[in-house]
Amino acid sequence: MELNSIKPADGAKRARRRVGRGIGSGFGKTAGRGHKGQKSRAGGYHKVGFEGGQMPLQRRLPKRGFKSVSLKYNAEITLADLERLGAAEVDVLVLKQAGLVRAIAKVVKVIKTGELTKAVKLTGVGATAGAKAAIEAAGGSLA
C-alpha cells in the first residue's frame, strides 16, 4: 500500500445532490425551494420556534415553576443504604466511593426509609428527625 493509492471504500462517499441544473434533473428552476418567501432566498433563515411574526408558543404560554441550580449538589441516602454499606464510620467521601451519591454531591442527608440494625457513626452527613432517631436507636451517632 502506498499513500498515493489510499482511497475510501466503495460506497463510503456519495456525491452531493446538484440542484438547479435544468428541467431534466427534476430539481431545476426553483431547485426544490418552492416559490418566493424567506426560505427560498439565499441566507434566509429564522430562529427555532419562529412563527412568522406571530407570538411564538413558548411566549404565549405562562411561565411556571422553578428548579434550583444548587439541587445537583444535594443528595440523599436511606437507612437501607446504610445497612447495606456496612461501614462503622460513614462520611461523604465513603458514600461517594461506594457509589451511593454522585461525585459532585456536597450536602448529603439520611432519610428514614428501611431499617437500620447496625451502629453507624455519621460524620458531615445530615439526617431527618426520624432517621436520626432510628440511627441513635441502633446505637449509632451523628457528628
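**Notebook: Met-1, Ser-70 and the chain as a whole**

I located Met-1 in the segment before helix H1 (57-60); helices (H or I, at least four residues) and strands (E, at least two) are DSSP runs, numbered from the N terminus. The model is predicted, so I accept local features at pLDDT of at least 70 and side-chain atom pairs at pLDDT 80 or more, while totals for chains, interfaces and linings use all residues. Numbering runs from 1 along each chain as its sequence is written, and side-chain values use heavy atoms, without hydrogens and water.

I looked up the accessibility of Met-1 and found the residue exposed, at a relative accessible area of 88% (buried is under 20%, exposed over 50%, partly exposed in between; 1.4 Å probe, protein chains only).

I then turned to Ser-70, which lies in the loop between H1 and strand E1 (74-78). Ser-70 is partly exposed, with 41% relative accessibility. Its side chain makes a polar contact of 2.9 Å with that of Ser-68 (N or O atoms within 3.5 Å; within protein, one able to donate a hydrogen and the other to accept it, and sequence-adjacent residues count only if both atoms are side-chain atoms). I also noted 9.9 Å between the C-alpha atoms of Ser-70 and Lys-106, which are 36 residues apart along the chain.

For the whole chain I recorded four helices and six strands. The radius of gyration is 31 Å, well over the 15 Å of the globule rule for 143 residues, so the chain is more spread out than a compact globule (taken over C-alpha atoms; the rule is 2.2 Å times the number of residues to the power 0.38). The C-alpha trace spans about 85 × 60 × 20 Å along its principal axes. I found 18% of the 143 residues counted as buried.
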